[in-house]
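This report describes the fold and then some of its individual residues. Please keep the sequence and the structure in view while reading.

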Amino acid sequence: MIRHLSPETMPKPASRYSQIALAEGATRRLEISGQIGIHPDGTLAVGLAAQLDVALANVDRALAAVGMGRDNLMKITVYLTENSPDAVATYRARRDLWVGDAPPPAATLLIVAGLASPALLVEVDAVAAG
């Protein structure tokens with residue numbers, strides 16, 4: 001079982017994520033490699049919002065491959081190559097829409113100088129348990 005918590009003794013999350021995700025009991029742990037905005041057919045999505053949506057959909061595909069879903073997510077880490085208020089706002093809006101009604105996982109956002117290709121604008125890795 002995973003418990004998603006944002007204790008009153010910690011700062012309130014800036015958007016839809018939990019400060020803590022605790023897996024208790026006998027669980028399977030899943031580490032999902034960094035997912036990028038490339039569709040299963042190999043085409044790259046255009047623009048930050050589209051690449052983020054595809055990367056998050058790829059996380060969904062990884063979860064589904066082992067019989068898990070967003071409820072199993074403990075943490076996501078997102079790497080953006082653009083350091084601007086608009087990019088951060090886009091990330092938060094797309095992530096919050098994707099999380100939806102699922103328990104919000106713990107989350108970390110990093111702004112990086114670049115990814116494996118200059119065409120890549122975002123990468124998302126995740127940890128799940130269940």
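Leu73 stands opposite Ala128 in β6, and this pair belongs to the antiparallel pairing of β4 with β6, which extends over seven bridges. Here two strands are said to pair if DSSP finds at least two bridges between them, and the helices (H or I, at least four residues) and strands (E, at least two) are DSSP runs, numbered from the N terminus.

The model is a predicted one, in which local features need pLDDT of at least 70 and side-chain atom pairs count only at pLDDT 80 or more, while totals for chains, interfaces and linings use all residues. Residues are numbered from 1 along each chain as its sequence is written, and side-chain values use heavy atoms, with hydrogens and water left out. The pLDDT, which is the predictor's confidence in each residue on a scale from 0 to 100, averages 93 over the protein chain, and 100% of the residues score at least 70. Confidence is lowest in strand β2 (residues 20–23), where the mean is 82, and highest in β4, where it is 97.

**The sheet**

Four strands form an open sheet in the order β3-β6-β4-β5, and their pairing is mixed. Because β3 (29–36) and β5 (106–111) stand at the edges with a single partner strand each, one side of each is left without a neighbour in the sheet. From one strand to the next the twist averages 10°; axes are lines fitted to C-alpha atoms, for helices over the stretch in contact, and angles run from 0 to 180 degrees between N-to-C directions. Strands of a sheet pair through backbone hydrogen bonds, either parallel or antiparallel. The three pairings are set out below, each with one example of residues that face each other.

| Strands | Sense and bridges | Example pair |
|---|---|---|
| β3 and β6 | antiparallel, six bridges | Arg29 and Ala129 |
| β4 and β6 | antiparallel, seven bridges | Leu73 and Ala128 |
| β4 and β5 | parallel, six bridges | Leu80 and Ile111 |

In the parallel pairing, Val78 has Leu109 of β5 as its bridge partner. Strand β6 is largely enclosed by the rest of the structure, because six of its eight residues are buried; buried means under 20% relative accessible area, exposed over 50%, and partly exposed in between (1.4 Å probe, protein chains only).

**The helices**

Helix α1 (residues 48–65) packs on the sheet, where it touches β3, β4 and β6 (122–129), and its direction makes about 150° with that of β3. Contact means heavy atoms within 4.5 Å. The 18 residues of α1 reach 26 Å from the first C-alpha to the last, close to the 26 Å expected at 1.5 Å a residue, where the expected span of a helix is 1.5 Å times one less than its number of residues. Among the buried residues of α1 are Leu48, Leu52, Leu56, Val59 and Leu63, and the buried residues of this helix pack against β3, β4, α2 and β6. After α1 comes Gly67, whose phi is positive, near 75°.

Helix α2 (residues 85–99) lies across β4 and β5 and runs at about 155° to β4. Together, β4, α2 and β5 make a right-handed β-α-β unit; a crossover is right-handed if, with the strands pointing away from the viewer, the path from the first strand over the helix to the second runs clockwise.

**Three residues**

Ala62 is found in helix α1 and counts as partly exposed, at 24% relative accessibility. Apart from neighbours within four places in sequence, Ala62 is in contact with Leu30 and Ile32. Although Ala62 and Ile32 are 30 residues apart in sequence, their C-alpha atoms lie 7.0 Å apart in space.

Thr77 has its place in strand β4 and, at 10% relative accessibility, counts as buried. If residues up to four places away in sequence are not counted, Thr77 touches Thr108, Leu110, Glu123, Val124 and Asp125.

Thr108 lies in strand β5 and is partly exposed, with a relative accessible area of 25%. Leaving aside neighbours within four places in sequence, Thr108 is in contact with Lys75, Ile76, Thr77 and Val78. Thr108 and Val124 are 16 residues apart in sequence, and the distance between their C-alpha atoms is 9.9 Å.
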